[in-house]
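Okay, thanks for making time, everyone. I'll put the structure up and we'll go through a few spots together.

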Amino acid sequence: MRTLLKARLANDVHSTVLMADNLKDLSAHLGAYGRSVLWIFDTNTAKLFKQLPHSHLVLESGESSKNFVSLERIIAAALEEGLSRDGRIIAFGGGMVCDVAGFAASVYMRGCKLTLVPTSLLAMVDASLGGKTAIDYQGMKNMVGTFYPADEILISVDVLRTLTEREFLSGLGEVIKHALLSPDERMYRHLVVHKRAILNRESEALSTLIELSLEVKKHYIEQDPTESKQIRQMLNLGHTFGHALESTLHFGHFSHGAAVAWGTCRALEAGALLGVTDKRWAEGAIELFGSFGYEIDYKIGRGDWIAYREHLLKDKKRIEGKLHFVLLEGQGKGVLKVLDLALVQQLVISRPL
Ligand SMILES: NC(=O)c1ccc[n+]([C@@H]2O[C@H](COP(=O)([O-])OP(=O)(O)OC[C@H]3O[C@@H](n4cnc5c(N)ncnc54)[C@H](O)[C@@H]3O)[C@@H](O)[C@H]2O)c1
């Protein structure tokens with residue numbers, strides 16, 4: 001077990017990220033906590049264990065489990081197990097499990113101990129570090145939640161072998177976004193040089209990539225743990241364009257990370273058109289996404305523009321009624337800019353009206 005990093009987050013909590021050599025190493029570490037624990041799985045991640053730990057709860061996999069019913073089930077199971085405030089909730093799963101179990105840990109007896117074991121690439125590089133917990137409510141994502149950083153995050157790249165290609169590429173979309181936001185070019189270079197090994201999920205290339213990606217996230221969240229200074233917001237690169245695409249296509253065609261990859265390409269194009277982003281650098285970054293197989297040139301049909309615009313206007317990132325987009329001046333230099341809807345239309349639909 002190797003310490004990857006420590007990040008100082010909201011409420012002055014330090015999250016320590018540890019990398020395990022394999023699942024056995026990880027289980028041995030968690031086994032040492034004894035009986036005062038409650039494990040939370042989903043129906044897919046529970047399959048990764050031949051024998052499930054003594055106290056556990058399995059949630060149905062999928063975003064629809066990120067709700068009050070799951071929250072209540074976790075709290076009821078914790079009570080039944082006699083978990084005290086010193087007890088520990090161990091979330092073993094993707095972002096869904098991490099978010100809902102983290103939320104439960106933050107409110108159970110006003111806060112018990114929390115270990116996150118992210119099992120999807122997206123959860124390893126994004127959902128586990130940063131302290132945001134949430135459930136969805138009335139169709140709105142992450143509507144109810146808290147800032148409650150896990151004191152411990154355990155990663156084993158071994159578990160990524162069973163992840164579907166769609167989910168793996170979803171996480172990778174966020175990873176490539178982090179490479180552009182990184183203050184230096186190490187991560188960008190690693191992606192270019194080790195592309196094959198990464199796509200083949202080779203342990204060494206993936207471990208380094210995850211470590212570099214978490215360093216980027218740490219860089220932004222430590223400066224702005226509760227997203228109040230427009231620093232952490234830079235991590236939303238590609239999300240405003242991407243969320244509206246996911247919603248317009250009813251969350252079918254694009255995974256979340258693939259939509260973020262597409263949205264980041266639109267932000268790079270917008271920056272280049274406005275003279276904010278260096279044109280050659282933007283072209284190189286778009287090409288990088290393309291080389292990993294993302295649909296960088298996808299356009300929505302003219303008929304979908306109204307729906308796309310509606311979804312954009314509902315975006316939570318509106319400030320004083322105006323839509324702000326994260327653009328990049330160059331490597332690691334994010335800026336917030338208001339974009340005209342006419343420019344957005346030109347970038348996202350096949351033949352502007
Ligand atoms: N808290 C945060 O800062 C933060 C950041 C980003 C995303 N999120 C949240 O994370 C969620 C998305 O995360 P996600 O993409 O991991 O979704 P997810 O948890 O739904 O996992 C995606 C799918 O992969 C399966 N899975 C996970 N690990 C597996 C493994 N090792 N082998 C086989 N299957 C596995 C899951 O069962 C699920 O079917 C969203 O709810 C999003 O809001 C939170």
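**Helix 1, the domain interface and Thr 264**

So, let's begin where helix 1 begins: Asn 22 caps its N-terminal end, with a side-chain oxygen 3.2 Å from the backbone nitrogen of Lys 24. And before I go on, keep in mind that this is a predicted model.

Now, which residues of helix 1 are buried? Helix 1 runs over residues 23–31, and the buried ones are Leu 23, Leu 26 and Leu 30. They span an arc of only 60° around the axis, so they sit on the same side of helix 1. That's the usual helix arithmetic: with 3.6 residues a turn, positions three or four places apart point the same way. Flip to the face turned away from that buried side, and you find Lys 24 and Ala 28, both exposed. So we've met Lys 24 twice: its backbone nitrogen is the one facing the Asn 22 cap, and the residue is exposed.

What do the buried residues of helix 1 pack against? Four strands, actually: strand 3 (37–42), strand 5 (88–93), strand 6 (113–118) and strand 9 (152–155).

Okay, zooming out. The protein is divided into domain 1, residues 2–163, and domain 2, residues 166–348. Domain 1 puts 26 residues into the contact and domain 2 puts in 27. Their C-alpha centres are 26 Å apart. People often give the size of an interface as the accessible area lost when the parts come together. Here the area buried between domain 1 and domain 2 is about 2,400 Å², and carbon and sulfur atoms give 66% of that.

On the polar side, there are nine residue pairs in polar contact across the interface of domain 1 and domain 2, and three salt bridges. Which elements of domain 1 supply at least two residues each to the side that touches domain 2? Those are strand 1 (2–8), strand 2 (14–19), helix 4 (121–127) and strand 8 (140–147). The largest share, six residues, is from strand 1. While we're on salt bridges, have a look at Lys 132 with Glu 227, where the closest N and O atoms are 2.6 Å apart.

Last stop: Thr 264, in helix 10 (residues 256–274). Buried or exposed? Thr 264 has 0% relative accessibility, so it counts as buried. Leaving aside neighbours within four places in sequence, Thr 264 is in contact with Lys 177, Leu 180, Leu 237, Gly 238 and Phe 289. And Phe 325, 61 residues away along the chain, has its C-alpha 10 Å from that of Thr 264.

Definitions and conventions:
Residues are numbered from 1 along each chain as its sequence is written. This is a predicted model: local features need pLDDT of at least 70, side-chain atom pairs count only at pLDDT 80 or more; totals for chains, interfaces and linings use all residues. Side-chain values use heavy atoms; hydrogens and water are left out. Buried means under 20% relative accessible area, exposed over 50%, partly exposed in between (1.4 Å probe, protein chains only). The arc is that of the directions from the helix axis to the C-beta atoms. Contact means heavy atoms within 4.5 Å. A polar contact is a pair of N or O atoms within 3.5 Å; within protein, one must be able to donate a hydrogen and the other to accept it, and residues adjacent in sequence count only if both atoms are side-chain atoms. Domain bounds come from an automatic or database domain assignment. Buried area is the accessible area (1.4 Å probe) that two parts lose on being put together, summed over both. A salt bridge is a side-chain nitrogen of Lys or Arg within 4 Å of a carboxyl oxygen of Asp or Glu.
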